[in-house]
Amino acid sequence: MTPDQEISPPSAHFGEDGARLSYGTYLRLAQLLDQQRLETDAHDELLFITIHQVYELWFKQLLHELESARQAMFDDRLWWARHLLTRVHEIERILIEQVGVLETMTPQDFLQFRARLAPASGFQSVQFRELEFISGAKDAAFLRRFRSLTEDEAARLRRRLEEPTLWDAFLCVLRAHDLAAGSDDEISASLRNAAHDRGGFGDVWELAEGLMTHDELAAGWRARHVTMVERMIGTKTGTGGSSGASYLRSRLDFRYYPLLWELRSWL
């Protein structure tokens, strides 16, 4: 072996050539594709399971991005927070569009297997509640309502209740840029200052707009979801015992950041 050969790093081998890692093993496709366990022979049950599992994967990604965006705001890395929120927005648009795929299933098709779902319900999605909690909609009552929570899931929700929200992080940003953020009146005044002085507070304003878009898209998903449910089951109760579409409709006017919405009336 020559001296040059001794100091040269080993050549990398990828894929089938190196047999170290393949597409399937890296993504754990054998395990992933084995998770769609059907309860009936209904043709559309696979679609129903796939759509909801994909939602949960996206929820996991959203939590990852929102946690990082929150930390970026606490660290005053506003460019990074805005970048991550932009990614969040694109994922949320995908979530809205996915409803259209689910709507290719007719009510008759859904009824072939719906009874086997009870008492399981999308209302029980822990990750969705985590997303609401981190966004600012904390509600400890969900821990009492979720009777099927595992210890780990309950611990996750309790942690979300105790930790700061995106709004808490944004208020930290306002203070870091010498904008008052005590009472709602102070926050509203600071938001108006940032809106009217985008030369001096452009980063703060853009971040506020990023949170506003997150709120808007979440509201858009709720609206799209409720119309899909009404189209699919009408006024029937949910499989988990909820009131179904009527409960979902009661959430349509909910907003994470009401002060950002009120701001529009004062500009």
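1. Ser125 sits in the loop that runs between helix 7 (107–111) and helix 8 (126–135) of what is a predicted model. Its relative accessible area is 11%, and because buried means under 20%, Ser125 is classed as buried. Once residues up to four places away in sequence are set aside, Ser125 touches Glu56, Phe59 and Phe146.

2. The salt bridges deserve attention next, the count coming to 15. A network of such bridges links Glu67, Arg70, Glu130, Asp152, Arg156, Arg159, Arg160 and Glu163, and three pairs drawn from this network are taken up in the points that follow.

3. Arg160 and Glu67 meet through their side chains in a salt bridge, with an N to O distance of 2.7 Å. This pair links distant parts of the chain, since Arg160 belongs to helix 10 (residues 151–162) and Glu67 to helix 5 (residues 45–74), with their positions 93 residues apart in the numbering. The two partners also fall into separate accessibility classes: Arg160, at 3% relative accessibility, counts as buried, whereas Glu67, at 27%, counts as partly exposed.

4. Asp152 forms a salt bridge with Arg156, and the closest N and O atoms of this pair are 3.7 Å apart. Both residues lie in helix 10, where a spacing of four residues amounts to about one turn of the helix. Arg156 has a relative accessible area of 22% and is therefore partly exposed.

5. Another salt bridge joins the side chains of Arg159 and Glu163, at 3.3 Å from N to O. Here the arginine is the partly exposed partner, Arg159 having a relative accessible area of 39%, while Glu163 is buried, with a value of 11%.

6. On the surface, Asp184, Asp185, Glu186 and Glu262 gather in a patch of negative charge. Helix 12 (residues 184–196) supplies the largest share of this patch, namely three residues. Asp185 has its place in helix 12, and because its relative accessibility is 63%, Asp185 counts as exposed.

7. A surface patch of another character, nonpolar and of about 500 Å², is made by Leu21, Tyr23, Tyr26 and Leu27. Among these residues, Tyr23 is placed in helix 3 (residues 23–26), and Tyr23 counts as exposed because its relative accessibility is 64%.

8. Two backbone positions should be checked by eye. Most residues other than glycine have a negative phi. Arg28, although not a glycine, has a positive phi of about 50 degrees, and this residue is found in the loop between helix 3 and helix 4 (29–32). Asp178 likewise is not a glycine and has a positive phi, in this case of about 60 degrees. Asp178 lies in the loop between helix 11 (166–176) and helix 12, and with a relative accessible area of 73% Asp178 is exposed.

Conventions
Residues are numbered from 1 along each chain as its sequence is written. This is a predicted model: local features need pLDDT of at least 70, side-chain atom pairs count only at pLDDT 80 or more; totals for chains, interfaces and linings use all residues. Side-chain values use heavy atoms; hydrogens and water are left out. Patches are made of residues with over 30% relative accessible area and no salt bridge: like charges are joined within 9 Å, nonpolar side chains (Val, Leu, Ile, Met, Phe, Trp, Tyr) within 5 Å. Accessible areas come from the Shrake-Rupley method with a 1.4 Å probe; for residues, only the protein chains shown count as cover. A salt bridge is a side-chain nitrogen of Lys or Arg within 4 Å of a carboxyl oxygen of Asp or Glu. Lys and Arg count as positive and Asp and Glu as negative; His and the chain ends are not counted. The place of a charge is taken as NZ of Lys, CZ of Arg, CG of Asp or CD of Glu. Helices (H or I, at least four residues) and strands (E, at least two) are DSSP runs, numbered from the N terminus. Buried means under 20% relative accessible area, exposed over 50%, partly exposed in between (1.4 Å probe, protein chains only). Contact means heavy atoms within 4.5 Å.
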